[in-house]
Amino acid sequence: MIKRFHVLYVGQIDLDNVGLKGTPANDRRYSNDRFAEVFWTARHMARVMDETGYHALWTAEHHFQHEGYECLPNLIQLGLWLATQTEKLKFGCGFNVLPMWHPLRLAEDYAMADIVTGGRVIMGVGRGYHTREVETFGGPLLDAGKNREVFEEGVQLMLKAFNEESFSFHGKHFTCPPEVDYRGYKMKEITLVPRPIHLPVPIYMPIASGSTIDMIAKYDLKAMVVLNGEKILDDVVRAYHEACARYGQVKQLGQDLVWGAGLYLAKDQEEAIRKVEPAHDERYKWFAPFGFVRYADERPARPRRFPRCATAFSKRLGSAGRRNR
């Protein structure tokens, strides 16, 4: 049963000349004043959602996007500010890209937000998929194996910091604390100051593959699945349920999982297709080349530069998808 309704705003400015024949994604460049629009848009959305009873506004961490698609660089900082502009709405981090952070800095920032907002910021972590931002910040992405190692150690370290009054961690990529002299003694353990007050911390992670599902279940995280067709969604939800059971977590089907889908309201299907088509095409001009957009027909579809909509949003987009398989 669906219990709560959320909205995802990735931080896109009001783009011009959108659509399949519009400005090529890589040619878009805007002024700094335009990038700042995203904060006022987020505040407007948050206030409306707060007044109408939504549960959470989710946003996405991204960097350096002069194209104007995703322009919110710090989700915890944004959530702190938006909490001062609203009364009850929660703010989800979808997602803090963990390989670009030191896990303890992220844990500290979240703990502060948890305390001062009364638990209205929701933690979320991801591995990242933009080489431009992850590699620029010194995190691994091109080396997929190292990216997974750094991410998994980061999750382990954050959980220790949240749940243990004092802790140590000795991994391949992180050692905390270093064994250095401090005020007359050699450090063996360290304490996160402050720690969150709402424990255990619910941490969300996007489902991108089978190995991701196993990791989410292993550390008892919560899951989010978006931009998938009906068949793939069903497979993913059941795989997550089964993985949780393997780790001794008895959950109802769909429990601890957020499902994301696009929605456009119009008087009939034809009007909806006509009005949403340019924005839909523009989104996938940008997003599909990263390989995460998968619609499902009779069998799971492989990522493609322009995916075909399962419900044939448009013949034009469908033919583009077939040409670019």
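**Notebook: a surface patch, a buried glutamine and two cores**

I began at the N-terminal end of this predicted model and found Ile-2 in the segment that precedes strand 1 (6–9). I then looked up whether Ile-2 is buried or exposed. Its relative accessibility is 56%, so I recorded Ile-2 as exposed, given that the term requires over 50%.

I next looked up which residues accompany Ile-2 in a patch. Ile-2 joins Phe-5, Tyr-54 and Trp-259 in a nonpolar patch on the surface. Together these residues have about 470 Å² of accessible area.

I turned to Gln-65, which I located in the loop that runs between strand 2 (56–59) and helix 3 (75–84). Its relative accessible area is 4%, so I noted Gln-65 as buried; the limit for that term is under 20%. The side chain of Gln-65 makes a polar contact of 2.8 Å with the side chain of Glu-70. Setting aside neighbours within four places in sequence, I listed the contacts of Gln-65, among them Phe-35, Cys-71, His-130, Arg-132 and Trp-286.

I then examined the nonpolar interior. In soluble globular proteins, nonpolar side chains tend to be buried together. The largest nonpolar core here has 74 residues, and Met-123 and Phe-162 have the most contacts inside it. Helix 6 (residues 144–163) supplies the largest share of this core, eight residues. A second core, separate from it, has seven residues, including Trp-58, Ile-122, Tyr-204 and Met-224.

Finally, I asked which residues Phe-162 touches beyond its neighbours within four places in sequence. I recorded Met-123 as one of them, and the others include Ala-107, Tyr-110, Leu-192, Arg-195 and Pro-196.

Definitions and conventions. Residues are numbered from 1 along each chain as its sequence is written. This is a predicted model: local features need pLDDT of at least 70, side-chain atom pairs count only at pLDDT 80 or more; totals for chains, interfaces and linings use all residues. Side-chain values use heavy atoms; hydrogens and water are left out. Helices (H or I, at least four residues) and strands (E, at least two) are DSSP runs, numbered from the N terminus. Buried means under 20% relative accessible area, exposed over 50%, partly exposed in between (1.4 Å probe, protein chains only). A polar contact is a pair of N or O atoms within 3.5 Å; within protein, one must be able to donate a hydrogen and the other to accept it, and residues adjacent in sequence count only if both atoms are side-chain atoms. Contact means heavy atoms within 4.5 Å. A nonpolar core is a set of buried Ala, Val, Leu, Ile, Met, Phe, Trp, Tyr and Cys residues joined through side-chain atoms within 4.5 Å. Patches are made of residues with over 30% relative accessible area and no salt bridge: like charges are joined within 9 Å, nonpolar side chains (Val, Leu, Ile, Met, Phe, Trp, Tyr) within 5 Å. Accessible areas come from the Shrake-Rupley method with a 1.4 Å probe; for residues, only the protein chains shown count as cover. A salt bridge is a side-chain nitrogen of Lys or Arg within 4 Å of a carboxyl oxygen of Asp or Glu.
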